[in-house]
Amino acid sequence: MIQTDTILQTIALTKVYEGIQPVYAVRDLDLTIPQGSFMSIIGPSGSGKSTLMNMLGLLDRPSSGSLKYMGEPTETWEEKRRSQFRNEEIGFIFQAHLLLPEFTALENVLIPLQIGRNLSPARIEHAKSLLDRIGLGDRMHHRPPELSGGQNQRVAIARALVNTPSIVFADEPTGALDSTTSRSVYDLMREINREEKVTFVIVTHERELAGKTDRVITLLDGRLQSDEAPKESPS
Amino acid sequence: MSVAHWMQYLPIEIYVAWRYMRFNLKQSFIVALAVGIGVSIIIFIPSINLSFFGYFLEKTVESNAHIKVVRELDTEARNRQTLKTLYPDEGRILVSDQSLTRRRDIKAYKNLVSEIMRIDGITTAAPYVSESVIIVRGSQTRTSTMRGILPEAEKNISNIEENIQQGSLDTLSDDQVILGWRLADELGVNVGNRIQLLTNFGKKSLKVSALSNTGIYQQDLSTILVTLDTAQALLNMPNEVTGIGLKVRDMYQAENLARLIARTFDLKTTSWMEDNAVFLDQIRMFRVIIAFISFLIVFAAASSITSILIMVVASKSKDIGILKAMGTPPNAIMRMFLLQAIILSLIGVVAGIGGATFLIELYNATPYSKAETFLGIGRQPVTLNLEYTVYAIFYATLSSILASLIPAWQAGKLDPVEAINQ
């Protein structure tokens with residue numbers, strides 16, 4: 001994990017889809033994310049929040065503007081470097097059902113380690129303890145179809161954390177879950193953020209979930225509409 | 001249950017490819033089956049046909065001389081030269097006198113045989129005389145070709161001995177003759193009876209000492225075998241023969257050695273390869289046809305691999321997206337699908353070789369039809385053709401890799417964002 005004050009910074013970040021009428025998904029966005037933040041990005045659908053998250057997570061390239069990780073511009077990075085950085089420093093939590101169905105819960109969690117060729121008995125123990133911690137210690141040898149939605153989402157969280165990333169992007173992490181399960185998934189993310197100082201960026205359209213984060217970024221038509229700390233923020 | 005399975009320590013592409021194949025058994029099975037069927041056909045058909053061709057060739061070649069040294073090349077030319085001085089009208093000579101001037105004898109053949117035997121690669125030589133004669137038995141006459149041989153030498157050149165019935169080749173003496181059994185039958189003679197042979201230079205009464213049965217109609221109707229001395233005496237050509245049969249160590253060197261002998265001794269030679277040129281062409285043609293059929297089979301198998309892998313890539317696009325998001329480089333994703341094709345095609349190849357072996361065993365075990373023999377050859381057990389097995393392995397593996405390139409490339413370039421949002 002890299003220790004620095006600002007983990008991620010964007011300068012005039014823009015994503016435009018060319019056509020007869022160019023569509024700006026994200027426009028001139030300046031954003032600074034300090035290390036250890038627990039923040040959310042909200043906005044109506046089509047506001048550009050997923051596009052923004054994909055660019056921040058190095059899954060997509062901006063049309064213009066700059067994106068710096070720990071002060072280093074990423075625009076010039078080759079695909080191999082981007083892949084390696086995603087593997088080592090970034091964790092992703094997608095909406096439910098994005099585990100590999102042919103692999104058990106534990107195997108799914110271990111895959112980022114295998115991609116980075118970092119598998120070792122100690123790290124396997126670490127993965128098991130992660131699963132224990134999220135309450136799936138006794139289900140680690142089950143495959144995703146044999147687990148509930150909430151359990152699968154927790155496996156996805158464990159997978160996002162197994163490589164001890166600096167930053168985790170969560171796209172609608174509770175979108176497919178009932179309210180009780182949502183609550184426990186949120187608690188887990190919050191706990192890891194506090195204990196491990198892992199930065200969390202949660203993309204959601206649920207105002208309730210966003211309201212629990214320390215900072216809420218609101219997007220509208222690809223532009224930053226507001227950037228504020230919610231009143232009821234628990235921290 | 002061991003958690004840290006050893007496979008988990010392999011590169012991610014091998015690990016995932018293996019798991020995909022195991023969990024998509026139906027698709028894996030179809031791919032391996034397509035390759036397996038293709039491979040077994042590519043091996044089976046040439047195994048059957050080339051086994052027969054090979055046996056036929058071996059049989060024909062083994063039962064005859066590899067090389068025949070026929071006559072002095074310069075004889076005809078020399079005689080023509082002589083005649084040219086006698087008859088200035090050259091055109092007429094070429095047409096009318098050529099046959100008259102053809103002298104087929106090889107003089108001083110014993111020296112020649114020992115000279116030829118010194119050439120590396122020549123194993124046996126058997127001089128012979130071959131000439132038309134009239135055969136007389138009572139009021140019956142026939143014309144046929146008499147062959148004068150040295151029984152000891154001839155045995156090493158041809159399978160003549162195997163066909164001798166009611167007597168022996170070894171004991172053939174100067175006043176004896178061996179006849180083809182159909183010829184003997186037509187003449188109404190049997191072993192122990194006498195016949196007369198007539199030539200331009202004389203006649204001789206000979207006792208039938210044995211019969212020859214080759215199984216080939218025309219031969220059994222024409223064979224007249226006598227000793228070399230008898231033939232030379234009947235034709236008034238002592239110390240001359242009309243030809244020398246040769247065996248060589250490597251039968252495929254016959255053509256080269258025949259040319260060498262022709263050049264060195266100024267003789268005319270023919271090799272079994274020239275004599276069987278049509279048959280060798282047939283084998284070559286068969287190989288071309290098999291290559292074409294193989295191409296079609298492999299193309300069909302490869303198409304099935306391509307379409308199935310395209311389906312797999314499509315159905316796994318979300319997984320591919322996740323793997324990419326987690327940092328799997330595009331090349332590793334490509335290798336993941338190439339590997340599946342390679343592994344499945346190898347399984348298919350092994351199954352195909354097994355299938356071909358099974359088909360061959362089945363073929364060998366199937367009872368033969370009424371026709372006991374073809375061209376005097378009985379049914380021979382067929383074995384796996386090694387050349388085509390190697391060829392099938394190579395062809396199947398290569399085409400599987402080519403077939404998986406498009407799906408693998410598609411998987412590699414898949415945009416993770418699009419794949420995940422599907």
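This tour moves from a strand of chain A to the interface with chain B, and then into chain B itself. The structure is a predicted model.

**Stop 1: strand β7 of chain A**

Select residues 167-171 of chain A, which form strand β7. Five of the five residues are buried, so the strand is largely enclosed by the rest of the structure. Display the side chains next: A:Ile167, A:Phe169 and A:Asp171 point one way from β7(A), while A:Val168 and A:Ala170 point the other way. Both sets are buried.

**Stop 2: the neighbouring strands**

Add residues 90-93 of chain A, strand β6, which runs parallel to β7(A) and is joined to it by four bridges. To find one of these pairings, select A:Gly91, whose bridge partner in β7(A) is A:Val168.

Then add residues 199-203 of chain A, strand β8. This strand is also parallel to β7(A), and five bridges join the two. Here A:Asp171 has A:Val203 as its bridge partner in β8(A). To follow the connection between these two strands, show helix α6, residues 179-196 of chain A: the chain passes from β7(A) through this helix to β8(A), in a right-handed β-α-β crossover.

**Stop 3: the interface between chains A and B**

Colour the two chains separately and select the residues in contact: 31 residues of chain A meet 31 residues of chain B. The area buried between the two chains is about 2,800 Å², and carbon and sulfur atoms give 67% of that area. Now pick out A:Glu102, A:Gln114 and A:Ile115, which supply 23% of the area that chain A buries against chain B, more than any other three residues.

The count of salt bridges between chain A and chain B is two. For a salt bridge at close view, select B:Arg19 and A:Glu107, whose side chains meet at 2.7 Å, N to O.

**Stop 4: B:Ala419 in chain B**

Move to helix α17, residues 416-421 of chain B, and select B:Ala419 within the helix. Is B:Ala419 buried or exposed? Its relative accessible area is 2%, under the 20% cut-off, so B:Ala419 is buried. Beyond residues up to four places away in sequence, B:Ala419 touches B:Ser317, B:Lys318, B:Gly321 and B:Leu414. For a sense of scale, select B:Leu228 as well: B:Ala419 and B:Leu228 are 191 residues apart in sequence and 90 Å apart in space, C-alpha to C-alpha.

**Stop 5: confidence along chain B**

Finally, colour chain B by pLDDT. The chain averages 85, and 88% of the residues score at least 70. Select residues 95-102 of chain B, where pLDDT stays under 50. For this stretch the model has ten contacts beyond four places in sequence.

Key: Residues are numbered from 1 along each chain as its sequence is written. Chains are lettered from A and ligands numbered from 1 in the order in which they are written. This is a predicted model: local features need pLDDT of at least 70, side-chain atom pairs count only at pLDDT 80 or more; totals for chains, interfaces and linings use all residues. Side-chain values use heavy atoms; hydrogens and water are left out. pLDDT is the predictor's confidence in each residue, from 0 to 100. Contact means heavy atoms within 4.5 Å. Buried means under 20% relative accessible area, exposed over 50%, partly exposed in between (1.4 Å probe, protein chains only). Two strands pair if DSSP finds at least two bridges between them. A crossover is right-handed if, with the strands pointing away from the viewer, the path from the first strand over the helix to the second runs clockwise. Buried area is the accessible area (1.4 Å probe) that two parts lose on being put together, summed over both. A salt bridge is a side-chain nitrogen of Lys or Arg within 4 Å of a carboxyl oxygen of Asp or Glu.
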